[in-house]
Amino acid sequence: VVLLSLLTACGGSDSSESSGTSRFSLQVSDAPVDSAQKVCIAIAGLRLHDADGVETEQWDPLALLPTANQDGCLPAGYSIPTDSNGQPRFLYLDLLHYQQGDTFALLSNSTIPAGNYSQLRLLVEDGRENRLDGTGDHPSSYVLDASDNTLPLEVPSSELKLHSFEAPADGVASFQLEFNLRHAMVLPGHGNYYKLKPNGVSLLEVATLTTLQGQVAADLCGGVLDNAGVYL
């Protein structure tokens, strides 16, 4: 009886809940891919879901950090479509610009409530279903391949769902969204569009990342290293 009384008296605290705020940052990078000149994704927003799966935080394109000159993704004669409020529907990011250790900060030191989050969602327009404003019929998300062909980039459900994480109270939650296009981007047999698979995209904590450097002997591959790759 005494034990039950103590448990009742102390029952107001839930260890799964956190108080305070955290500073949330998200940067983007890509592993090298050889089959394209551009991989342009139309980023329509960023969403956070709490431990119960409820969307609690959101950032629309104007709240995210823009790339310089739309990363060169906006073709001449076209413009970014606008929503019902006259705001840009997305911002452009060319994944091929952020390789070999280069990254782009999509969000920097945004204040969010501390605690557990069940999912981070990056909203990316499906290029098969969405078009740019202009005189032609140009997909929003697209791939410019090595033969100068522009093909839509399919993004199932127009979003990439990333795993859970914890935002520490009075701390920093800094993450890197790593696209491994050699695994994530495929061209189906019909050849009409590329597909971006979510299992080739990872959410990595920046504190656990590092960079490796080294040298490759010049006489490997008969001395022709243009298409060589180094794997760990």
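## A tour from Arg128 to the largest pocket

Begin by selecting arginine 128 and tyrosine 193: the charged end of arginine 128 sits over the ring of tyrosine 193, 5.2 Å from the ring centre. The model on display is a predicted one.

**Phenylalanine 165**

Next, select phenylalanine 165, which belongs to strand β12, residues 165–167. Is phenylalanine 165 buried or exposed? Its relative accessible area is 8%, under the 20% cut-off, so phenylalanine 165 is buried. Display the residues around it, leaving out those up to four places away in sequence: phenylalanine 165 touches Phe24, Leu48, Gly115, Asn116, Tyr117, Leu120, Ala173, Phe175 and Leu203. For a residue outside this group, select histidine 138 and draw the C-alpha to C-alpha distance to phenylalanine 165; the two are 27 residues apart in sequence and 36 Å apart in space.

**The aromatic pairs**

Now show the aromatic side chains. How many aromatic pairs does a search of the whole structure find? The search finds eight. One of them joins phenylalanine 24 and phenylalanine 165: the ring centres are 5.6 Å apart and the planes lie at 10°, so this pair is stacked. Colour strand β1, residues 21–31, and strand β12; because phenylalanine 24 lies in β1 and phenylalanine 165 in β12, their pair ties together parts that are 141 residues apart in sequence. Phenylalanine 24 is itself buried, with a relative accessibility of 0%.

For another pair, move to tyrosine 98 and phenylalanine 104. Their ring centres are 5.7 Å apart and their planes are at 45°, so the pair is tilted. Tyrosine 98 counts as buried at 9% relative accessibility, and phenylalanine 104 is also buried, at 12%.

Then return to phenylalanine 165 and select Phe24, Trp59, Tyr117 and Phe175 along with it: ring pairs link these five residues into a cluster. Of the cluster members, Phe24, Tyr117 and Phe175 also appear among the contacts of phenylalanine 165.

**The largest pocket**

Finally, turn to the largest pocket, which holds about 1400 Å³ of space. Which residues lie nearest its centre? Select Ala31, Pro32, Gln100, Leu212 and Val230, which have that position among the 31 lining residues. To see where the lining comes from, colour β1, β13 (171–180), α2 (181–184) and β16 (201–205); each supplies at least two residues of the lining. Strand β1 is thus a link to the earlier stop, because phenylalanine 24 lies in that strand. Colouring the lining by class shows ten nonpolar, 17 polar and four charged residues.

Terms used: Residues numbered from 1 in each chain as written. Predicted model: local features only at pLDDT ≥ 70, side-chain atom pairs only at ≥ 80, totals over all residues. Heavy atoms only, no water. Helix = DSSP H or I, 4+ residues; strand = E, 2+ residues; numbered from the N terminus. Buried < 20%, exposed > 50% of the residue type's maximum accessible area, 1.4 Å probe, protein only. Contact = heavy atoms within 4.5 Å. Phe/Tyr/Trp six-rings, centres within 6.5 Å; stacked < 30°, edge-to-face > 60°. Lys NZ or Arg CZ within 6 Å of the ring centre and 35° of its normal. 1 Å grid on protein atoms, 1.4 Å probe; cavity = no way out; pocket = protein on both sides within 12 Å on 5 of 7 lines; lining within 4 Å. Points joined across faces, edges and corners; volume = space filled by probe spheres on them. Nonpolar A, V, L, I, M, F, W, Y, C, P; charged D, E, K, R; others polar.
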